[in-house]
Amino acid sequence: MYQVGFDVGGTNLKVGVVHDNLEIVASRNVAFPKGETYEKVAALMAEQVVALAKDMNIPVTDFKSIGIATAGSIDASGSIIIHAHNLGFHDVPMIDEMHKHFPKIPVYLANDADAAALAELHAGAFRGKKTAVLFTLGTGVGGGIILGGKMFKGGMGHGNELGHMIVQHGGPICTCGNRGCIESLCTATWLIQQGRKVIVEYPISMIYEKAEGDMNKVTAKIVIDSAKEGDTIALDIFNTYVDSLSSAITSVVALLDPEVVALGGGVSLAGDFLFAPVREMVKQKSFFKVYHEVVPAQLGNTAGIIGAAMLARNEEGSV
Ligand SMILES: [Zn+2]
């Protein structure tokens, strides 16, 4: 059987057909039509579904479900995108709109971080686990939780906002308006901000050299690479980052006692340089004094498509 999975982001609209064996057997990728109405976006998505069926030389009815992983927040009923600022979507009835194109195919909707955790459960780092937590460390911090072998959608259906757990009282201001959230401390954005301060304050640093003294050229990778190469100022920044991230993970470990925690997103590409000290600090800080696995997420760019396609399986009694 085949399930269709959409990964809808502010830049690209990616879609794939996922076979029961979890392989993506066909895929398409088009630019997200910024500024268009949601009806037009849904029509473009429907076109991709029809084109995929044509590519595979099968009828559209062979697709048993359509799952949509999207940036932004979903309402408690799981059918409306409440806010997805980078898509320009507010109170968009996405499932109803897709049903206008495919009235007989079940359509599911989820936040992209939740879908990524579901993808890891079926095809990645969470295979065979029942309790697991995914942090995606990028421009923001997303999070997905697996409980009882299923994607946890929140007690009231609102999902989770791991990135907005407060880990530093009075800490830096967050995108949500609070202070000291995980998202204000554990993002690539935080690393870039610190790197930019270095450009102004320490022109002898490796960060300054790599960014050619230009604040706009500072990236999280430059800060991490400078730390890897032993630059003391970059190491200070990186160690503070590891301290914050390990506190965030330890708090989640205290709450859920998960079998495994996975880290994905751009910052996780720092590899063992990040994972080794994070594991050590989580072990030190953990109340349980036992080792909780902290591993890299495995699916990267395909997580959205696979997770979206697996939404049907996550719903009891379907597919
Ligand atoms: Zn916040």
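**Exercise 1.** Is Cys-174 buried or exposed?

*Solution.* The model is a predicted one. The relative accessible area of Cys-174 is 6%. Buried means under 20% relative accessible area. Cys-174 is therefore buried.

**Exercise 2.** Determine which residues bind the zinc ion and classify the geometry of the site.

*Solution.* The donor atoms come from His-164 (ND1), Cys-174 (SG), Cys-176 (SG) and Cys-181 (SG), at 2.0 to 2.4 Å from the zinc ion. Next, consider the angles among the four donor atoms, which are 104 to 123°. Four donors count as tetrahedral if all angles lie between 85 and 135 degrees, so the zinc site is tetrahedral. Along the sequence, the spacing of the donor residues reads H-x9-C-x1-C-x4-C. His-164 and Cys-174 are 10 residues apart, and both lie in the loop between β11 (150–151) and α4 (182–185). His-164 is partly exposed, its relative accessible area being 24%.

**Exercise 3.** Describe the five-stranded sheet and identify the strands at its edges.

*Solution.* The sheet is open, its pairing is mixed, and its strand order is β3-β2-β1-β4-β8. β3 (24–31) and β8 (107–111) are the edge strands: each has a single partner strand, so one side of each lacks a neighbour in the sheet. From one strand to the next, the twist averages 15°. Strands β1 (residues 2–8) and β2 (residues 12–19) run antiparallel and are joined by seven bridges. Gly-5 has Gly-16 in β2 as its bridge partner.

**Exercise 4.** State which strands helices α1 and α2 lie across.

*Solution.* Helix α1 (residues 38–56) lies across β1, β2, β3 and β4 (63–70), at about 145° to β3. Helix α2 (residues 94–101) lies across β1, β4 and β8, at about 150° to β8.

Technical notes: Residues numbered from 1 in each chain as written. Predicted model: local features only at pLDDT ≥ 70, side-chain atom pairs only at ≥ 80, totals over all residues. Heavy atoms only, no water. Donors = N, O, S within 2.8 Å, 3.2 Å for Na, K, Ca; no water. Tetrahedral: all angles 85-135°; square planar, octahedral: opposite > 155°, others 65-115°. Helix = DSSP H or I, 4+ residues; strand = E, 2+ residues; numbered from the N terminus. Buried < 20%, exposed > 50% of the residue type's maximum accessible area, 1.4 Å probe, protein only. Pairing = 2+ DSSP bridges. Axes fitted to C-alpha atoms, helices over the stretch in contact; angles between N-to-C directions. Contact = heavy atoms within 4.5 Å.
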